[in-house]
Amino acid sequence: MALFCLHCLDNETDGATRRAAARPAHLEWAGGLGPVVRMAGPLLDSEGRMVGSVFLIEAESLAAARALNAADPYSKAGVFGKVTINETRWAIGEGKSA
């Protein structure tokens, strides 16, 4: 399995409103993904407001990572204005697979 980083920035028009409305469904969905999620959390601005999300996931392919992102309730609700998905390798830090 490959490791992918999903960097998702909220849309600047009404992302915060959409995020608040979809948050319970998003958290339930993300919590149910299990060990495929290596790390996840909100991206914050300088005042501590949520402005996006980041996921570090294991997936079979870029297409599978894109499909996972498409299933996210935040994606379905139009929270994100820009999503970048890149394959990555864990080189340093706690949580690296052996």
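Helix α1 lies across β1, β3 and β4 and runs at about 30° to β3. Helix α2, residues 62-71, also packs on the sheet, where it touches β1, β3 and β4. The direction of α2 makes about 150° with that of β4. These features belong to a predicted model.

**The sheet**

The sheet beneath these helix contacts is open and has 4 strands, in the order β2-β3-β1-β4, with antiparallel pairing. Strands β2 and β4 (80-88) stand at the edges with a single partner strand each, so one side of each lacks a neighbour in the sheet. From one strand to the next the twist averages 15°.

Strand β2 covers residues 37-44 and strand β3 residues 50-59; the two pair in the antiparallel sense over 7 bridges. They form a hairpin, with 5 residues between the strands. Within the turn, Gly48 has a positive phi of about 85°. Leu44 stands opposite Met50 in β3, and Pro42 stands opposite Ser53 in β3.

**Ser53 and its surroundings**

Ser53 has its place in strand β3. Its relative accessibility is 3%, and Ser53 therefore counts as buried, given that the cut-off for buried is under 20%. Beyond its neighbours within four places in sequence, Ser53 is in contact with Leu6, His7, Cys8, Arg19, Gly41, Pro42, Leu43, Tyr74 and Phe80. One of these residues, His7, is 46 residues away from Ser53 in sequence, while the C-alpha atoms of the two are 6.3 Å apart in space. With Arg19 there is a polar contact between side chains, at 3.1 Å from Ser53.

**Asn11 in the loop**

Asn11 is found in the loop between β1 (2-10) and α1 (15-31). At 16% relative accessibility, Asn11 counts as buried. The side chain of Asn11 reaches the backbone nitrogen of Gly15 at 3.1 Å. When neighbours within four places in sequence are left aside, the contacts of Asn11 are Arg18, Gly78, Val79, Phe80 and Gly81. Phe80 is thus listed among the contacts of Asn11 and among those of Ser53.

**Aromatic pairs**

A search of the whole structure finds 2 aromatic pairs. In one, the ring centres of Trp29 and Phe55 are 6.1 Å apart and the ring planes are at 70°, so the pair is edge-to-face. Trp29 lies in helix α1 and Phe55 in strand β3, so this pair ties together parts that are 26 residues apart in sequence. In the other, the rings of Tyr74 and Phe80 have their centres 5.9 Å apart and their planes at 90°, so this pair is also edge-to-face. Tyr74 and Phe80 are both in contact with Ser53.

The relative accessible areas of the ring residues are set out below.

| Residue | Relative accessible area | Class |
|---|---|---|
| Trp29 | 18% | buried |
| Phe55 | 4% | buried |
| Tyr74 | 0% | buried |
| Phe80 | 13% | buried |

Trp29, at 18%, counts as buried because the class takes in values under 20%. Phe55, with 4%, is buried in strand β3.

Definitions and conventions. Residues are numbered from 1 along each chain as its sequence is written. This is a predicted model: local features need pLDDT of at least 70, side-chain atom pairs count only at pLDDT 80 or more; totals for chains, interfaces and linings use all residues. Side-chain values use heavy atoms; hydrogens and water are left out. Two strands pair if DSSP finds at least two bridges between them. Buried means under 20% relative accessible area, exposed over 50%, partly exposed in between (1.4 Å probe, protein chains only). Contact means heavy atoms within 4.5 Å. A polar contact is a pair of N or O atoms within 3.5 Å; within protein, one must be able to donate a hydrogen and the other to accept it, and residues adjacent in sequence count only if both atoms are side-chain atoms. Axes are lines fitted to C-alpha atoms, for helices over the stretch in contact, and angles run from 0 to 180 degrees between N-to-C directions. Rings of Phe, Tyr and Trp (its six-membered ring) pair if their centres lie within 6.5 Å; planes under 30 degrees apart count as stacked, over 60 as edge-to-face and the rest as tilted.
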